[in-house]
Amino acid sequence: MADYEGMANGVVSGDFNRVAELTRQAIDEGAAPVEIINEGLIKGMNVVGARFKAGEMYVPEVMMAARAMKAGMDLVKPLIAESDLPTAGKVVLGTVAGDLHDIGKNLVGMMMESAGMNVINLGVDISPEKFAEAVREHKPDIVAMSALLTTTMLAMKDTIEVLQEEGLRDSVKVIVGGAPVTNDFATEIGADGWAPDAASAKDLALELVGK
Ligand code: B12
């Protein structure tokens, strides 16, 4: 019997060697890859999300947990057809034009990926045009923008306007976040949602795609 509890605990404690070992064991025992993901790896990451939200875990620990989860995912992924991977929607994620902060954005991406979402991380300093291009290319369910500067927050508004001008706005949900960004600001610029931290961002994204 695969040790899913051990696997989940390994993710929570960021013990990537243990997670890799237990994942390998589960594969050798013939456990279904999707079961390994859902019962072991994602279960662990759900605990991490809840603890981070509650202020019981901090950024470095969450990053270690995400790394541990990835150690397991890397072993399991090659065994599954892309179409069988649990997919909870596609997200195009980036830090807006003029802004180079990416620690929070990457945490948001990790949390979403850990929940089974397909995340296309465009990086930092992403212009409205680049966001629009990515929407055309990847046809995501959600566009997620991050900004850490009061000056670059305004680029979120510009991006929504460009999506509108290019007729892409109605095909996606737009969510925004980053330290200076508030729920009121999100509403004001016509975004579909805002969240204060990475775990809530993941919950919001899942809610918006109906999962
Ligand atoms: C690290 C840091 C840097 C690093 C960035 C490294 C990197 N790779 O990201 C470096 C040194 C490069 C940097 C540069 C600058 N920085 Co700086 N930086 C910070 C610092 C200390 C921490 C930011 C951080 O990573 N926080 C940790 C993460 C986990 O939190 P977070 O980003 O808020 O993300 C969480 C939530 O906001 C949310 N979230 C984030 N994104 C999203 C997206 C969505 C869709 C959702 C739903 C949620 C969400 O979830 C995340 C996880 O829980 C802050 C101060 C602070 N305490 O915030 C200043 C700060 C943001 N920086 C500041 C400034 C001024 C600058 C510079 C202009 C400095 C300079 N004079 O050169 C440059 C600008 C460079 C540029 N063009 O972007 C100011 C901004 C002031 C303002 N009001 O605009 C701050 C507030 C510092 C200060 N007190 O003055 N910075």
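In this predicted model, strand 4 and strand 5 are paired in the parallel sense over two bridges. Within this pairing, Val-176 stands opposite Trp-194 of strand 5. Helix 7 packs on the sheet, where it touches strand 1, strand 3 and strand 4, and its direction makes about 135° with that of strand 1.

The pair belongs to an open sheet of five strands, arranged in the order 2-1-3-4-5 with parallel pairing. Strand 2 and strand 5 (193-194) occupy the edges and have a single partner strand each, so one side of each is left without a neighbour in the sheet. Strands of a sheet pair through backbone hydrogen bonds, in either the parallel or the antiparallel sense.

Strand 3 can be followed through its two pairings. With strand 1 it pairs in the parallel sense over five bridges, and Leu-93 has Ala-144 of strand 3 as its bridge partner. With strand 4, strand 3 again pairs in the parallel sense over five bridges; here the bridge partner of Met-145 is Val-176 in strand 4, the residue that also stands opposite Trp-194.

Is strand 3 enclosed or open to its surroundings? Five of its five residues are buried, so strand 3 is largely enclosed by the rest of the structure. Both of its faces are covered: Ile-142, Ala-144 and Ser-146 are buried on one side, and Val-143 and Met-145 are buried on the other.

Helix 6 (residues 128-138) contributes the buried residues Pro-128, Phe-131, Ala-132 and Val-135. These residues lie on the same side of helix 6 because they cover an arc of only 100° around the axis. An α-helix has 3.6 residues a turn, so residues three or four places apart point the same way. The buried residues of helix 6 pack against strand 1 (90-96), strand 2 (118-126), strand 3 and helix 7 (154-165). Helix 6 is followed by Lys-139, whose phi is positive, near 45°.

The ligand brings several of these elements together. It is surrounded by 27 residues, of which the closest are Ile-103, Gly-104, Ser-146, Gly-177 and Asp-197. Ser-146 is also one of the buried residues of strand 3. Helix 5 (103-114), strand 3 (142-146), strand 4 (173-177) and helix 9 (198-208) each supply at least two residues of the shell around the ligand. Helix 5 gives the most, with five residues. By class, the shell around the ligand comprises 16 nonpolar, seven polar and four charged residues.

Conventions: Residues are numbered from 1 along each chain as its sequence is written. This is a predicted model: local features need pLDDT of at least 70, side-chain atom pairs count only at pLDDT 80 or more; totals for chains, interfaces and linings use all residues. A residue is near a molecule or strand if its C-beta atom, placed from the backbone, lies within 6 Å of it. Helices (H or I, at least four residues) and strands (E, at least two) are DSSP runs, numbered from the N terminus. Ala, Val, Leu, Ile, Met, Phe, Trp, Tyr, Cys and Pro count as nonpolar, Asp, Glu, Lys and Arg as charged, and the others, Gly among them, as polar. A residue is buried if 20 or more other C-beta atoms lie within 10 Å of its own, exposed if 12 or fewer, and partly exposed in between; C-beta atoms are placed from the backbone. The arc is that of the directions from the helix axis to the C-beta atoms. Two residues are in contact if their C-beta atoms, placed from the backbone, lie within 7 Å. Two strands pair if DSSP finds at least two bridges between them. Axes are lines fitted to C-alpha atoms, for helices over the stretch in contact, and angles run from 0 to 180 degrees between N-to-C directions.
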